[in-house]
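Me: Could you take a close look at one part of this structure for me? I'd like to know what surrounds the first ligand, and then how that spot fits into the rest of the chain.

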Amino acid sequence: MGKITGFLEIDRQERRNRPAADRVRSYREFIIPLSETDVARQAARCMDCGIPYCHTGCPVNNQIPDWNDLVYASDWEEACRNLHSTNNFPEFTGRICPAPCEAACTLNINDNPVTIKTIECAIVDKGFAQSWINPQSPPQLTGKKIAIVGAGPAGMAAAQQLARAGHDVNLYDKQAKPGGLLRYGIPDFKMEKKLIDRRFEQMKAEGVIFHGLVHVGVDITATELEQSHDAVLLTGGAEVSRDLPVEGRDLNGVHFAMDFLPQQNRRVSNEPLGDVQPITAAGKHVVVIGGGDTGSDCIGTSFRQGALSVTQLEIMPIPPKHEDKALTWPHWPIKMRTSSSQREGATREFSVMTTSFSGEDGHVTQLHGTEVDEKFEPVPGTEFDLPADLVLLAMGFVHPVLEGMITELELDLDGRKNVAANTDDYETSRPKVFAAGDMRRGQSLVVWAIREGRQAAHSVDRFLMGKSDLPL
Ligand SMILES: Cc1cc2nc3c(=O)[nH]c(=O)nc-3n(C[C@H](O)[C@H](O)[C@H](O)COP(=O)(O)OP(=O)(O)OC[C@H]3O[C@@H](n4cnc5c(N)ncnc54)[C@H](O)[C@@H]3O)c2cc1C
Ligand code: SF4
């Protein structure tokens, strides 16, 4: 423990955002990092609790008190090594993780948790700036060949671990570049894509071979991959969006969020949009249906494109402002949260349901809705209309795409139609085929995808070699 009285003397200090009026004029990241001295002061607030609840709050079990102590003691290089021992990509989580670790921090009992995510991000950013993060070549090659389908955070983490264990790793994705939703879903203003490119350079140097624009189950069969590799790991995400089958759904201008967001990310990266109808919020009244991360990303993107107004509808009731710590801590509490995108000027409505859309000349112009009670039943007399030139459906994802790869391999599914596999070995119902990330657990978080990728890598390595030294 660095400074015994640190938590008593030093106030919590978070990174600040550039002002909304300024940041909406570009797609660049807008978080202003703390100075090194301030990060070290924040690390000094860690109490090094006998039971560090933050460890269990963090899905990759980052050794948070250890690296807090190292940062306080100015040993940033060792902090960087320690951080990478549990997390392949702290530069991603340090930017976009919701930080369940901070909810679990003992200092959160009185609403002042250690700024864990800020410290994590500062360590890895310094690590890259100082060239401490370099390719790690395996001590020896095994001659075993592994195919990983899906280059999102789960597939990337698994690929890096397996290449470091000496295997020959082929990472396939139907998209041109690796990253999955990190690249094509999450907007640049939350995480710039050069960070994925930089990390992937390291992975290439470690031996990972990326095969872009290969849609497994369409361009090549999954069975071909199975026959030409010693093991196959499926990390294809949960790509089927939840739909809203109401009258007017087929009007032009009503789109899934994931038809809208990837287009902007491609524009920012100068990637071709392909054979799709361009969708933009410029000059439009936008309504976003759904209150999660995806909805927030639609709001921030719409403002940057020049929307006239953005309204977000949520069927759930407005959550409490503060959680009851006695009931929730150290778990993730349900409470009112306002994302940086929502702060850019969105109007938010809770306990409302969309009943239909109407329009002119085949294009949506109005959304019709009603308030709902606690059983999600319409409340008579509360019907309303909203101007809507663009409606974005951001109500989550139901399960992976089943047609193609999963059907062809005849894999067992769980009750929610995700690929069935447990977290002891990540094996599917088919020999030598494994599954991890959103494709196995359902729609989740980047940090959970990294955890599953790492654990699945351990299991694949043990399956191929009879034992594994990769961390679990
Ligand atoms: C808009 C949006 C914003 C989000 N924001 C956050 C956030 O702020 N913080 C957070 O922690 N999480 C966030 N999430 C969730 C997070 O992105 C996912 O949980 C995470 O990316 C899942 O990782 P994955 O590797 O399992 O799958 P994905 O990231 O979905 O990657 C799957 C990859 O598999 C490829 N693929 C699928 N099928 C095939 C096939 N048959 N052949 C070849 N390739 C295939 C896809 O092209 C894709 O690249 C967000 C999600 C969305 C949609
Ligand atoms: S990965 Fe997420 S939960 Fe873990 S330490 Fe970082 S911010 Fe916290």
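Reply: Sure, and keep in mind that this is a predicted model. Start with where the pocket residues come from: domain 2 (145-239 + 399-465) and domain 3 (243-395) each put at least three residues into the shell around ligand 1. That shell has 38 residues, and the closest to the ligand are G150, G152, G180, G237 and G437. If you want to trace it by element, look at α10 (153-164), α11 (181-184), α15 (293-305), α18 (438-441) and α19 (446-465), which each give two or more residues to the shell. As for its chemistry, the shell is made up of 18 nonpolar, 15 polar and five charged residues.

Now zoom out a bit. Besides those two domains, the chain has domain 1 (6-129). The C-alpha centres of domain 1 and domain 2 are 28 Å apart. Between them, 18 residues of domain 1 make contact with 21 residues of domain 2. On the domain 1 side, helix α7 (residues 90-96) is the top contributor, with five residues. That side counts ten nonpolar, three polar and five charged residues.

The packing there ties in with the pocket elements. The largest nonpolar core has 90 residues, and V71, I123, I148, A158, A159, L233 and F434 have the most contacts inside it. Helix α19, which you met in the ligand 1 shell, supplies the largest share of this core, at nine residues. Both domain 1 and domain 2 feed residues into the core, so it lies between them. As a general point, nonpolar side chains in soluble globular proteins tend to be buried together. There is also another core, apart from this one, with 30 residues that include F303, A346, A388 and M395.

V71 is a handy place to see the packing in detail. Setting aside neighbours within four places in sequence, V71 touches V39, A40, A43, W76, A79, I119 and I123. Three of those partners, V39, A40 and A43, turn up among the buried residues of α3, along with R41 and Q42. The buried residues of α3 pack against α5 (64-72) and α9.

Helix α9 then leads you to the other ligand. Ligand 2 has 14 residues around it, with C58, T93, C97, C101 and K117 coming nearest. Two elements, α8 and α9 (116-129), give two or more residues to this shell. Of these, α9 gives the most, with three residues. By class, the surroundings of ligand 2 come to nine nonpolar, three polar and two charged residues.

While you're in that area, check the backbone at A99, in the loop between α7 and α8 (100-104). Phi of A99 is near 65 degrees, a positive value for a residue that isn't glycine. A99 counts as buried because 22 other C-beta atoms lie within 10 Å, and the cut-off is 20 or more. D48 also has a positive phi without being glycine, near 50 degrees in this case. You'll find D48 in the loop between α3 (36-43) and α4 (53-57). With 14 other C-beta atoms within 10 Å, D48 is partly exposed.

One more backbone detail is worth a look: the peptide bond from W329 to P330 is cis, with omega near 5 degrees. P330 sits in the loop between α16 (325-328) and β11 (347-349).

Finally, the whole chain. Its secondary structure adds up to 19 helices and 17 strands. The radius of gyration is 23 Å, close to the 23 Å that the globule rule gives for 472 residues, so the chain is as compact as a globular protein of that length. Along the principal axes, the C-alpha trace spans about 65 × 60 × 40 Å. Of the 472 residues, 46% count as buried. Looking at contacts between residues at least 6 apart in sequence, 69% join residues at least 24 apart.

So, back to your pocket: ligand 1 has a shell that draws on domain 2 and domain 3, while the largest nonpolar core takes residues from domain 1 and domain 2. If you want one element to follow from the pocket to that core, try α19, which gives two or more residues to the ligand 1 shell and nine to the core.

Conventions:
Residues numbered from 1 in each chain as written. Chains lettered and ligands numbered in written order. Predicted model: local features only at pLDDT ≥ 70, side-chain atom pairs only at ≥ 80, totals over all residues. Near = placed C-beta within 6 Å. Helix = DSSP H or I, 4+ residues; strand = E, 2+ residues; numbered from the N terminus. Nonpolar A, V, L, I, M, F, W, Y, C, P; charged D, E, K, R; others polar. Domains from an automatic or database assignment. Contact = placed C-beta atoms within 7 Å. Buried ≥ 20, exposed ≤ 12 C-beta atoms within 10 Å, placed from the backbone. Core = buried A, V, L, I, M, F, W, Y, C linked by C-beta atoms within 7 Å. Rg over C-alpha atoms; globule rule 2.2 N^0.38 Å.
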